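Student: Please take a close look at one part of this model, the ligand site. Then connect that site to its surroundings.

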Amino acid sequence: MKDTVDHKLAFPHTEYSGFDAGLSEQEAAALEGVNRFAREVMRPIGIELDRMDPDVAYEKGSPFWDFHDAIRALGLGPEAMEGLSAREAARMEALVVAELGWGDAGLAVSAGAGEMPIRAAMAAGNQELVDLCQGKLGCWIASQPDRGSDGMTLYPQERKPGSKGNIGNLQARFVGDEIIVNGQSSAWVSNGYVAEVGLLDIVADYGNGFYDEEGSVHGCLVVVPLDLPGISRGRPLRKLGKRPLPQGEIFFDNVRIPRRFATAERDDFKTKHALSWAHAGTNMAHLATGLARAAFEHALTYCNERRQGGGLIADLQLTQYRLGVIGAKVEAIKAMARHVAEYTKCSPVPHPYFTASGKAFCTREMFEVVNESMQLFGGNGLTQEYPLEKLLRDARAMQIEDGETNVLFMHFGFLMAQMNRHTGWGKN
Ligand SMILES: Cc1cc2nc3c(=O)[nH]c(=O)nc-3n(C[C@H](O)[C@H](O)[C@H](O)COP(=O)(O)OP(=O)(O)OC[C@H]3O[C@@H](n4cnc5c(N)ncnc54)[C@H](O)[C@@H]3O)c2cc1C
């Protein structure tokens, strides 16, 4: 293989992750292993599941479960970061999660959402709940049919004046040493159709109603085994993108959960809810990094194979310019994702509205990269013979998943304006 363009100046150093240098031995080994897994296991399974009917795609014995057996054997769970400093853990997580997004973003979300309950249990230091979640596929039960973006609003000033918080369609009541849950989730809960354990992130009544004195809702985080009496499921969701990820409604009819399964109650709910949301936001930014790079690499290779205008389209200056623009975006998405992740892990006070800005920025730019990559494929990009049409559908879903882009930018703008007004931050 040639290592220069013209034998005068060497090509720059790159890694699987793109223009990266100075990886530690541990990072390089992890990157290599996860890239192989993403290429050999995730991509084929993701394509197979994408084309299957949702009614059979997630049944026992399907490739969906082969993926989960294989990723569990890799040992990438929260325990894999033990012994690393906050900065090292942020860097390692960035490399690993982006590579999973490069393999298949839907399966990567299934793995990430699958860990939400055990992460909450570990953060709470509750060994009983850790044992309960161990080896089980999890989900995060937050959004509901009538409570979408509202569930991510943290401050009363963001609501219409005079309005109250939205209690939605799924509520917890704390009675003695029990929590009683009634209602239903949205159909969008990732792994909702198949999960064995859930992390409820919903409104709660602690005996004095759902509202505090400002009209905001009380909340709770509760780990719930999903085989308790009174729990049932809807059908798997039929959707445009992220089809390898099983989603569906979960119904709760007077479900009684021991109070000790709560990992956050009235007083610490806001802080812990903010932290789990911040974690989800950084993950999404890393996944966008990987998905953008996957689409870009396909386009780059295609431009070096497709002949038009008398030669390879990669030799046309217009194509080179277009590749340069999206190549730079791929690197910018990666840099932003790593920045929000490092800030969130290292800051004494992180904030989910900042993480949300990273998620919104990375997924929006990622969509531009995937769209332009598809454009570089011409008509071929639209067919199932080539990978771009699936990547575009997956990228589209990520504009809404874990918070719709405009709403997330709006939250970040609100936060900065409040900081400027109340703390003087950003004043000349
Ligand atoms: C692939 C995928 C995976 C998901 N996984 C999960 C999961 O694991 N668990 C879970 O609980 N949920 C999950 N969700 C749900 C997701 O969190 C919600 O879809 C998202 O928060 C948006 O809510 P909504 O769909 O109800 O849209 P809505 O909130 O109804 O928004 C509709 C439109 O109204 C606009 N809008 C809303 N509020 C405002 C406002 N205050 N000001 C201005 N405009 C506004 C929005 O910008 C949007 O364009 C997932 C969704 C997707 C697509």
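Tutor: A residue is near a molecule if one of its heavy atoms lies within 4 Å of it. With that cut-off, 17 residues surround the ligand. The closest are W140, A142, S143, S149 and E404.

Some ground rules. This is a predicted model, in which local features need pLDDT of at least 70, side-chain atom pairs count only at pLDDT 80 or more, and totals for chains, interfaces and linings use all residues. Residues are numbered from 1 along each chain as its sequence is written, and side-chain values use heavy atoms, with hydrogens and water left out.

Now the polar contacts (pairs of N or O atoms within 3.5 Å; within protein, one must be able to donate a hydrogen and the other to accept it, and residues adjacent in sequence count only if both atoms are side-chain atoms). W140 uses its backbone: an N or O atom there lies 2.8 Å from a ligand nitrogen. A142 also offers a backbone N or O atom, 2.9 Å from an oxygen atom of the ligand. S149 uses its side chain, with an N or O atom 2.6 Å from a ligand oxygen. On its own, the ligand has 980 Å² of accessible area, and the protein covers 67% of that (Shrake-Rupley method, 1.4 Å probe).

The shell is mixed. It holds 8 nonpolar, 6 polar and 3 charged residues. Here Ala, Val, Leu, Ile, Met, Phe, Trp, Tyr, Cys and Pro count as nonpolar, Asp, Glu, Lys and Arg as charged, and the others, Gly among them, as polar.

Where does the shell come from? Domain 2 (138-267) and domain 3 (271-423) each supply at least three residues. Those bounds come from an automatic or database domain assignment. The chain also has a domain 1 (25-103).

Next, the interface between domain 2 and domain 3. Their centres, taken over C-alpha atoms, are 29 Å apart. In contact (heavy atoms within 4.5 Å) are 18 residues of domain 2 and 22 of domain 3. About 1800 Å² is buried between them, 62% of it on carbon and sulfur atoms. Buried area is the accessible area (1.4 Å probe) that two parts lose on being put together, summed over both. On the domain 2 side, M152, L154 and K242 lose the most area, together 34% of what that side buries.

K242 also forms a salt bridge with E401 (a side-chain nitrogen of Lys or Arg within 4 Å of a carboxyl oxygen of Asp or Glu). Their closest N and O atoms are 2.6 Å apart. The count between the two domains is 1 salt bridge.
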